Amino acid sequence: MAVLLSGSALSKSFGARVLFENLSLSLSERDCTGLIGPNGSGKTTLMEILAGRGAPGAGVRALRKQTSLAYVPQDSLFGPDDTVGSVLTEALSGLNLEEQEKTARKEMMLGRAGFEATVTPAAALSGGWRKRLAIAAALVTSPDVLLLDEPTNHLDLEGILWLEGAIRDVNACLVITHDRYFLENVATQMVEVNSIYPQSTFQVKGNYSEFLERREEFLEAQAKQQDSLATKVRREVEWLRRGPKARTGKSRARIDAAGRLIGELSAVTARSRMATAKIDFTASDRKTKRLIEAEGIGKTLGGRRLFQNLNLTLAPGVRVGLVGANGSGKTTLLKILEGAVVPDEGTVQRADRLQIVSFAQDRGTHLDLEVSLRRTLCPEGDSVIYRGRPIHVAGWAKRFLFRDEHLEMPVSRLSGGERARVMIARLMLAPADVLLLDEPTNDLDIPTLEVLEDSLLEFSGAVMLVSHDRYLLDRVSTVVIGLDGGEGGIFADYSQWEAARNEQPPLKSTAKERLPALEERPKRKLGYLEQREWDRMEANILEAEQELAARHRELQDAASDAKRSMELYEELQRVQRRVEGLYERWAELEAKVAR
C-alpha cells in the first residue's frame, strides 16, 4: 500500500516541556489509524503538524503529491451567518467540479448526515449536530486522507454509528478518540503517544483489543528488562565502590560501561512510570431506600414532547445509564431530578436533606476560565477538605495529574481533558447521595476513563449517567433508560437497548418496578480485555473440549502404534491442561463479576 501521509523523526516542545521526540508514523491507503495517549501528551499538536497547520521542532512531515487532505479539529466553530447549506457549499468551492456535480454531492451528503433543512443557522445547532456538520463538510470533498480530532465528542450514539460507517469509505483516516468501541470497530492500526515508550510511540497493526494485548506484552518485557538492568547496575556499583586497583584501559572501559548501564536503567525507569488520576467520589453512605422517586413525569420543550409518563426510582447501588438521540431530553431529565427544572406533569419526591452532586456537560458555565487552577480547586486558603481531613492544594492537584507549575495557570489554558479533571476534583470534595453526571467522559483519556469507571462501580449511592461512551455504559450501568419521546424503555444494558431500538419496541416496564432486581444485580468488575475474554469463554471451552474428545479418539485408533500413541498422549495431556486452565480462568472471572 502506498504511503499517503507521514511524519519522520518529529519532535515538539513547549518551553522546557517536551511533548514527543523522534516520533515517526505513516498513513497508507486503506489505513484507519486510532491515535490515543494521555491528556497533554501532544496528540492534537501532532495531528496539527500532520495536517500542515503547525510546524515541528524537528523532523519532516510529507504528504504525497496530488493527495487531498481534510482536517476536522476538536472544536467545531462556525461564523454567525453560516448555515448548514452554506458550510457545505464553502467546503466544495475549492474543488474543480461542475456546479451540477457540486450540487449533487451536497444533496447526497445532507441526506447521509441526516440534515433536513439547509437554511438552519449553524450556530443554532446543538453540539452534536455542529460536530456532524463539520465532519460532513470534510467528507463532502471526498478527501484521500481524513484527520479527525475527537470526532465522537458531543455526537449521540446514532451519530457515532453514522461516523463509523462514513469513514469506512475514506481512503485513509487518522482519528484521535477515547471511544474504545469505536476504535474496536474501525481501527486497522493503533498508535499511542506516550513518553513511556522509546521514540514516544507504541504502534500496532490491528484494532484496540489487539493493541492492548501487544502493549501488555511490551510492558511485561520492559519490566523484565528493568529488573535485569537493575541487577547489572547493582553489581557494577558494588565494583565501583570497591575501586579498581589500577586505572588500566580495561578498568576505564568498565567504568564507562557502568555509566551507560546506569543511564539506560534511568531511562527505562522513567519510561515505566505511568501516572493515573485518583478519582474516588465521597458517598454519604445514606441507608434511605428511595433517594429520588419520579412518578408519571413528562416534559415538552418548544412544542416537542421529550418524554411522558416516565416512572423512575433512584436508590443506593442503582446506576442508570441514560441514552437517546441529541435533543431527546437527557440533560433536561437530569435537571428535573436535581430540582433545577420543573416537569410539566407528574411528581418528583426527594429524600430529606438529599445531597446531589452534578457534573454539567457545558463545563464553561461552571468554570471561570480566567481564574487560576489553584483558586479553582481551592477558592480560599491553601488546603481543601476531603473526607474530613485537610489536603494541601498542590497535593490535591497532583492527584489529578497537575504539576506545580499548573497551579498559577488560568483554566482557559488547560485542555478539555484537563478541565474535565478539574470538574471531577471539585465534585469529589462534596459528599453525595446521588451523582448526576452529564457527559463526564468527553475529552478524558483512556486511563482516566478506566479510573472513573472503577470509582463509579465502588460508589455506594445512586448514579444517573448520560454518556455516549458505549463501553462505559455497558460496564457501569445496572440499567439503561432509552428516551424516544415516549415513556422511555428500560433495558439491562446498552447493547440490549441498541438491539431493541433496531428490531422491536422498547420494554414498557419502569425502573421503579425493576428496583428489587436492580439491587440484586452484581457489580461488573471486568476490564476491557477481561470482558472480551469472558464473552468468548464459553465458546473457547467448547472448542477445547471438542479438541480433547478428538485426541481421545485418535489415541484409541493408534493403539497398535507405540510411537504414535506416545505423541498423541503428550498432545492429549497438553489439551487437557488447556481445558483445565480455561475452567480455572472462568472461575476467576466469574468471581470478579459476582464480587
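Let's start at one ring: arginine 132 lies over the face of tryptophan 129, at 4.4 Å from the ring centre. This is a predicted model, and its aromatic side chains make a pleasant tour.

Tryptophan 129 also takes part in ring pairing, and the structure holds nine aromatic pairs. The rings of phenylalanine 115 and tryptophan 129 have centres 5.1 Å apart and planes at 65°, so this pair is edge-to-face. Phenylalanine 115 belongs to the loop between helix H3 (99-113) and helix H4 (127-139), while tryptophan 129 is in helix H4, so the pair ties together parts that are 14 residues apart in sequence. Phenylalanine 115 is buried, at 11% relative accessible area, whereas tryptophan 129 counts as partly exposed, with a relative accessibility of 23%.

Another pair joins tryptophan 396 and phenylalanine 400: with ring centres 5.2 Å apart and planes at 70°, the pair is edge-to-face. Tryptophan 396 is buried, at 1% relative accessibility, and phenylalanine 400 is buried with a relative accessible area of 1%.

Here are these two pairs side by side:

| Pair | Distance between ring centres | Angle between planes |
|---|---|---|
| Phenylalanine 115 and tryptophan 129 | 5.1 Å | 65° |
| Tryptophan 396 and phenylalanine 400 | 5.2 Å | 70° |

Which residues gather into a cluster? Tyr197, Phe202, Tyr208, Phe211 and Phe218 form one aromatic cluster.

To finish, we return to arginines and rings. The charged end of arginine 421 is placed over the ring of phenylalanine 402, 5.0 Å from its centre. In the arrangement we began with, arginine 132 lies over the face of tryptophan 129, and tryptophan 129 has phenylalanine 115 as its edge-to-face partner.

Conventions: Residues are numbered from 1 along each chain as its sequence is written. This is a predicted model: local features need pLDDT of at least 70, side-chain atom pairs count only at pLDDT 80 or more; totals for chains, interfaces and linings use all residues. Side-chain values use heavy atoms; hydrogens and water are left out. Rings of Phe, Tyr and Trp (its six-membered ring) pair if their centres lie within 6.5 Å; planes under 30 degrees apart count as stacked, over 60 as edge-to-face and the rest as tilted. Helices (H or I, at least four residues) and strands (E, at least two) are DSSP runs, numbered from the N terminus. Buried means under 20% relative accessible area, exposed over 50%, partly exposed in between (1.4 Å probe, protein chains only). A charge sits over a ring if NZ of Lys or CZ of Arg is within 6 Å of the ring centre and within 35 degrees of the ring normal.
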